[in-house]
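Before asking what a residue or a pair of residues is called, it helps to ask how such a name is earned. Please look through the structure below with that in mind.

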Amino acid sequence: QAILAQAVAASSKKSVSSHLARSQELGGPSRALEAMAAVENKSSSSEGSGSGSSSCESSTDLVRALDWKGAFWLAAGVPPLVLFSMGGLAGVAGNVSFLVWIISALMGFCQSFTYAEMAGMFGNKSGGASVYGAVAWLRYSKFVAPLSVWCNWFAWSPVLSLGCSIAASYILDLCAPSWTWRGWTVHIPGLVDLNFNPTFFTGAALMVAMFAIQHHGARSTARVQKCLAVLVLIPLAVAGLAPIVTGNIHAEHFENFVPPSARDSAVDGTWDRGGWTLFLGAMYMGAWTTYGFETAVCYTSELKNPERDTFKSIFSAGLFCMAFFMVIPFAFQGFFGRDELLKPGIADGTGIAEALGNMLGGNRVVTQIYVMLMILALFLSIMTAMAGSSRTLYQGSKDGWLPKFLSTVNQNGAPTGAMWTDFGFNLFLLALAADAQGYYFVLAVSNVGYLTFNFLNLNAGWIHRLDSAHLPRPWRAPTALLALNTLLAFVNALF
């Protein structure tokens with residue numbers, strides 16, 4: 001198999017060279033990229049059959065070792081993100097917050113079909129929809145194409161620091177609740193304060209652990225993700241369904257169906273200009289969570305059969321995440337009500353475990369179990385973020401938009417150059433996010449990048465239809481759905 005894979009790869013390289021030469025003469029760099037994609041797609045399945053069981057052919061090649069289930073588990077860190085957005089979103093949307101989650105989840109699911117079509121067109125690329133969409137924009141702007149990649153990376157990468165910050169707070173509260181050392185603060189004039197405190201050092205240790213796991217490659221990481229997902233998501237689903245099954249959903253918590261009079265206010269407002277502003281602001285906040293399962297298509301060049309597995313991975317991840325994004329917020333609002341969701345522990349994520357325990361009766365032992373599960377849930381999300389964001393950097397480097405060292409791959413097929421860059425960047429963000437004000441600043445800035453990526457790549461779907469109609473598409477989105485998603489790109493820009 002290894003010999004066959006090498007022969008196919010050598011043949012493909014010759015074909016790519018000839019196609020590139022002809023395409024450069026006929027249509028410039030964008031035509032060259034499209035021709036290369038066409039040749040790559042023809043050989044991807046054959047190449048995958050051998051390379052999945054062999055080592056990397058060079059220091060810049062990922063390994064085809066995943067099936068669609070592996071990509072699905074790598075994206076399994078997205079559902080727990082809802083736990084750390086509910087409180088903040090409830091403060092903005094009030095009694096209509098559960099509706100925001102439903103609408104946002106449906107929008108994210110629809111948009112994923114555009115990403116699935118683009119991912120199938122480029123079977124030998126990794127990094128997600130931003131990479132596949134960048135090819136469409138390259139013909140029109142050499143600035144927009146790399147901007148798409150950068151915005152996606154900048155949206156996903158901070159999940160490492162944000163998640164480690166919350167996990168560190170849980171661990172410190174559990175193991176050293178009376179620790180009074182506050183560390184020290186470094187003030188950067190005119191910019192930010194960096195906090196080097198117990199939260200920072202504990203979070204940094206967690207990041208090192210996540211890096212060590214991912215150092216062993218995508219297949220090994222997917223196995224760890226599968227175990228974590230089973231441990232975390234089943235108890236989370238039980239806690240969400242328990243008040244629904246036992247009849248502890250209170251109808252009065254859904255009355256007065258209006259936004260609040262102001263952010264974090266328990267006073268009802270109206271559907272005036274201020275109310276609609278808060279509603280759209282809540283949609284903006286929800287998008288960071290509900291659209292995130294598109295990370296399932298970050299591993300296309302690591303799939304054994306990308307033509308079949310790309311669509312299956314994002315479709316299954318979308319259905320799975322949509323269920324969580326609808327059930328969990330509904331159960332929280334129905335059980336606790338708006339006033340409870342506005343409490344600081346829910347808003348900053350540190351009181352979520354206690355809330356989950358209360359939904360199951362408030363037993364102290366159950367609550368402590370959920371504290372441990374919350375830490376594992378954060379591990380799950382951090383692993384998803386590091387895996388996806390590092391591959392975005394990796395492919396940006398392979399395509400010549402980012403420094404070459406980012407495409408370095410170790411013997412296990414892990415993009416270690418990009419992983420080290422993620423690690424260093426997030427150490428800085430971790431120092432920034434070690435206090436509550438810095439945490440929300442990082443979250444807000446990263447979401448600006450995410451919706452910019454979303455706008456560019458939903459539009460890239462129809463650009464590919466017009467400019468690259470000749471490229472094979474293993475899965476083709478219905479034209480009406482593609483048009484709807486283009487409209488949603490502008491709706492997202494409105495947020």
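The questions and answers that follow concern a predicted model, and they take up salt bridges, aromatic pairs, buried residues, helices and cavities in turn.

Q: What makes the contact between Arg139 and Asp467 a salt bridge?
A: A salt bridge asks for a side-chain nitrogen of Lys or Arg within 4 Å of a carboxyl oxygen of Asp or Glu. The side chains of Arg139 and Asp467 meet at 3.4 Å, N to O, so the pair falls within the 4 Å limit. Arg139 lies in the loop between helix 5 (129-138) and helix 6 (144-156), while Asp467 lies in helix 17 (residues 436-467), so the pair ties together parts that are 328 residues apart in sequence.

Q: Why is Asp467 called buried, and why is Arg139 called partly exposed?
A: Buried means under 20% relative accessible area, exposed means over 50%, and partly exposed is what lies in between. Asp467 has 16% relative accessibility and therefore counts as buried, whereas Arg139, with a relative accessible area of 31%, is partly exposed.

Q: How do you know that Asp268 forms a salt bridge with Arg338?
A: The closest N and O atoms of Asp268 and Arg338 are 2.7 Å apart, and since the cut-off is 4 Å, the name therefore applies. Asp268 is in the loop between helix 9 (218-245) and helix 10 (273-290) and Arg338 is in helix 12 (residues 338-341), so this pair ties together parts that are 70 residues apart in sequence. Asp268 counts as partly exposed at 29% relative accessibility, and Arg338 is buried, with a relative accessible area of 12%.

Q: What makes Glu302 and Arg391 a salt bridge, and where do the two residues lie?
A: Their side chains meet at 2.6 Å, N to O, which means that they satisfy the limit of 4 Å. The pair links distant parts of the chain, with Glu302 in the loop between helix 10 and helix 11 (306-336) and Arg391 in helix 15, 89 residues apart. Both Glu302 and Arg391 are buried. A search of the whole structure finds eight salt bridges, and Glu117, Arg465 and Arg473 are linked in a network of such bridges.

Q: Why is the pair of Phe196 and Phe200 called edge-to-face?
A: Two rings pair if their centres lie within 6.5 Å, and planes over 60 degrees apart count as edge-to-face. Phe196 and Phe200 are 4.9 Å apart, centre to centre, with 75 degrees between the planes, so they are a pair and the pair is edge-to-face. Phe200 is buried, with a relative accessible area of 9%.

Q: What makes Phe211 and Phe423 an edge-to-face pair?
A: The ring centres of Phe211 and Phe423 are 6.2 Å apart and the planes stand at 70 degrees, so the pair is within the 6.5 Å limit and over the 60 degrees needed for edge-to-face. Phe211 lies in helix 8 (residues 198-214) and Phe423 in helix 16 (residues 416-432), so the pair ties together parts that are 212 residues apart in sequence. Both Phe211 and Phe423 are buried. The count for the structure comes to 33 aromatic pairs, and ring pairs link Phe109, Phe113, Phe311, Phe315 and Trp475 into a cluster.

Q: How do you know that helix 16 has a span close to the one expected?
A: Helix 16 has 17 residues and reaches 24 Å from its first C-alpha to its last, close to the 24 Å expected at 1.5 Å a residue. Among the residues of helix 16 that are buried are Met419, Phe423 and Leu430.

Q: Why is helix 7 said to be largely enclosed by the rest of the structure?
A: Of the 18 residues of helix 7, 14 are buried, so the rest of the structure largely encloses this helix. Helix 7 also gives the most to the lining of the largest cavity, with four residues.

Q: What makes the lining of the largest cavity free of charged residues?
A: Asp, Glu, Lys and Arg count as charged, and by class the lining has nine nonpolar, two polar and no charged residues. The volume of the largest cavity is about 90 Å³, and of the 11 residues that line it, the closest to its centre are Leu81, Phe84, Leu162, Gly163 and Trp288.

Key
Residues numbered from 1 in each chain as written. Predicted model: local features only at pLDDT ≥ 70, side-chain atom pairs only at ≥ 80, totals over all residues. Heavy atoms only, no water. 1 Å grid on protein atoms, 1.4 Å probe; cavity = no way out; pocket = protein on both sides within 12 Å on 5 of 7 lines; lining within 4 Å. Points joined across faces, edges and corners; volume = space filled by probe spheres on them. Buried < 20%, exposed > 50% of the residue type's maximum accessible area, 1.4 Å probe, protein only. Phe/Tyr/Trp six-rings, centres within 6.5 Å; stacked < 30°, edge-to-face > 60°. Expected span 1.5 Å × (residues − 1).
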